Amino acid sequence: MFKVHAIPPDRLPELLSVMPKAELHIHIEGSLEPELIFELAQRNGVQLPYADVAALRSAYAFTNLQSFLDLYYAGASVLLREQDFYDMAWAYFEKAAADHVLRAELFFDPQTHTARGVPTAAVIEGLSRACRDAQSQLNISADLILCFLRHLSEEEALATLEEAMPWREHFIGVGLDSSELGHPPEKFTRVFARARELGFHCVAHAGEEGPPAYVWGALDVLQVERIDHGVQAIHDAALMKRLADSRMPLTVCPLSNLKLCVFKNLADHNLGQMLDAGLCITLNSDDPAYFGGYLNDNYLQTFAALDLSAQQAYQLAANSIEASFAPETDKRRWMHELKACFQGFAEQD
Ligand code: HPA
Ligand code: ZN
């Protein structure tokens with residue numbers, strides 16, 4: 001086993017950048033950069049209420065989740081054709097490859113698009129084609145997770161799942177996103193039961209802005225395999241114990257939490273405390289085009305702000321591999337690659 005203490009602290013940023021890692025919480029619509037929004041708007045003849053890229057980017061000043069979601073849905077309005085969904089996902093995969101991401105599980109929101117008359121086929125086939133090309137051209141293992149918009153009804157979620165069934169081989173799980181407060185997990189009990197019955201993995205956003213009770217609901221009622229965000233769990237000792245004892249993964253997104261004012265400063269983030277409490281924490285970018293950074297930016301800025309160690313870097317990367325829904329044989333291979341990477345850094349001294 002490599003000696004993690006043999007890694008000099010000044011080499012930590014380089015190590016964070018090149019270590020192999022998985023990204024488990026990325027909304028692909030949240031990777032749409034302003035430049036691509038304008039390019040697609042022009043391609044598709046969509047009028048945007050912003051004069052140019054700079055004007056759009058300057059609107060990215062959020063006070064909470066809802067203030068972000070309003071812009072995020074407006075940005076997604078330029079996506080109309082299969083090729084648009086492909087181009088968006090491909091742009092993300094190129095960034096992910098540069099960040100040494102070897103596994104990506106992409107959230108997508110079909111309801112955001114079908115409500116505008118975009119066929120489910122265009123959404124799923126464009127994203128799925130990009131996932132296949134990510135594997136063959138960039139050596140990134142990628143899969144899709146279909147998310148239900150929690151501000152809409154459970155009936156609409158059920159209809160969305162049934163509409164996606166002709167493409168059931170193209171996604172591996174279901175998730176729950178959008179406005180959290182006022183939309184507890186229990187609202188989606190039946191659609192998650194149906195998804196489990198169909199053999200899909202289940203995850204849900206819970207405890208981003210919402211209370212610990214929403215995390216309990218996601219665990220006990222929706223029976224999820226991962227909690228997305230979950231940072232509010234810190235306020236409930238019994239919940240923290242449950243998460244630690246069960247090694248329930250949390251997909252934490254520090255730059256998102258900062259930009260949506262969940263924490264005032266990155267130095268106030270509770271990721272270090274949650275790692276210390278023994279939780280299976282992973283680090284992710286959420287909506288990188290809107291929150292000022294892709295996966296490595298999240299690692300680099302969080303490690304600097306919280307003064308985290310090489311041991312914690314290893315733990316986070318290992319957790320991301322462990323918590324992924326990839327086949328066990330792939331996970332074992334990636335763990336060897338991760339160890340070899342750390343070994344290389346320890347040996348050079
Ligand atoms: N929370 C909830 N819904 C979302 C998010 C998020 O951080 N990003 C995109 N949809
Ligand atoms: Zn999210």
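This report covers the zinc site, the ligand 1 pocket, the cysteines and a few single residues of a predicted model.

**Zinc site**

Four residues coordinate the zinc ion (ligand 2): His 25, His 27, His 205 and Asp 286. The three histidines each bind through NE2, and Asp 286 through OD. Distances run from 2.0 to 2.2 Å. Along the sequence, the donors follow the spacing H-x1-H-x177-H-x80-D. His 205 and Asp 286 link distant parts of the chain, 81 residues apart. His 205 sits in strand β5 (residues 201-206). Asp 286 lies in the loop between β8 (280-283) and α14 (288-291). Both His 205 and Asp 286 are buried.

The geometry of the site is irregular, with angles of 81 to 174° among the 4 donor atoms. A tetrahedral assignment would need all angles between 85 and 135 degrees, so this label does not apply to a site spanning 81 to 174°. For reference, the ideal angle for four tetrahedral donors is 109.5 degrees.

**Ligand 1 pocket**

Three zinc donors, His 27, His 205 and Asp 286, also appear among the residues around ligand 1. The surroundings include Leu 65, Phe 68, Leu 69 and Tyr 72. Also in the list are Asp 177, Ser 178, Glu 208, His 229 and Asp 287. The table gives three polar contacts made by side chains.

| Residue | Ligand 1 atom | Distance |
|---|---|---|
| His 27 | nitrogen | 3.3 Å |
| Asp 286 | oxygen | 2.7 Å |
| Asp 287 | nitrogen | 2.7 Å |

On its own, ligand 1 has 260 Å² of accessible area, and the protein covers 100% of this.

Ser 178, one of the residues around ligand 1, has a positive phi of about 80° although it is not a glycine. Ser 178 lies in the loop between β4 (173-177) and α9. With a relative accessible area of 8%, Ser 178 is buried.

**Cysteines**

How many disulfides does the whole structure hold? The search finds 0. Why does Cys 253 not form one? Its closest cysteine sulfur, in Cys 147, is 12 Å away, which is too far for a bond. Cys 280 is in a similar position: the closest cysteine sulfur belongs to Cys 253, 14 Å away, and this too is too far for a bond. Cys 253 is buried, at 0% relative accessibility. Cys 280 is also buried, at 0%.

**Other residues**

Gln 223 is another residue other than glycine with a positive phi, near 55°. Gln 223 is placed in the loop between α10 (212-220) and β6 (226-229). Is Gln 223 buried or partly exposed? Its relative accessible area is 42%, so Gln 223 counts as partly exposed.

Arg 43 belongs to helix α2 (residues 34-44). Arg 43 is partly exposed, with a relative accessible area of 42%. The C-alpha atoms of Arg 43 and Asp 307 are separated by 45 Å, and the two residues are 264 apart along the chain.

Gly 199 lies in the loop between α9 (189-197) and β5. Gly 199 counts as exposed, at 57% relative accessibility. Gly 199 and Gly 173 are 26 residues apart along the chain, and their C-alpha atoms are separated by 8.3 Å.

Terms used. Residues numbered from 1 in each chain as written. Chains lettered and ligands numbered in written order. Predicted model: local features only at pLDDT ≥ 70, side-chain atom pairs only at ≥ 80, totals over all residues. Heavy atoms only, no water. Donors = N, O, S within 2.8 Å, 3.2 Å for Na, K, Ca; no water. Tetrahedral: all angles 85-135°; square planar, octahedral: opposite > 155°, others 65-115°. Helix = DSSP H or I, 4+ residues; strand = E, 2+ residues; numbered from the N terminus. Buried < 20%, exposed > 50% of the residue type's maximum accessible area, 1.4 Å probe, protein only. Near = heavy atom within 4 Å. Polar contact = N/O pair within 3.5 Å; in protein donor to acceptor, adjacent residues only side chain to side chain. Areas by Shrake-Rupley, 256 points an atom, 1.4 Å probe, with all protein chains shown as cover. Disulfide = S-S within 2.5 Å.
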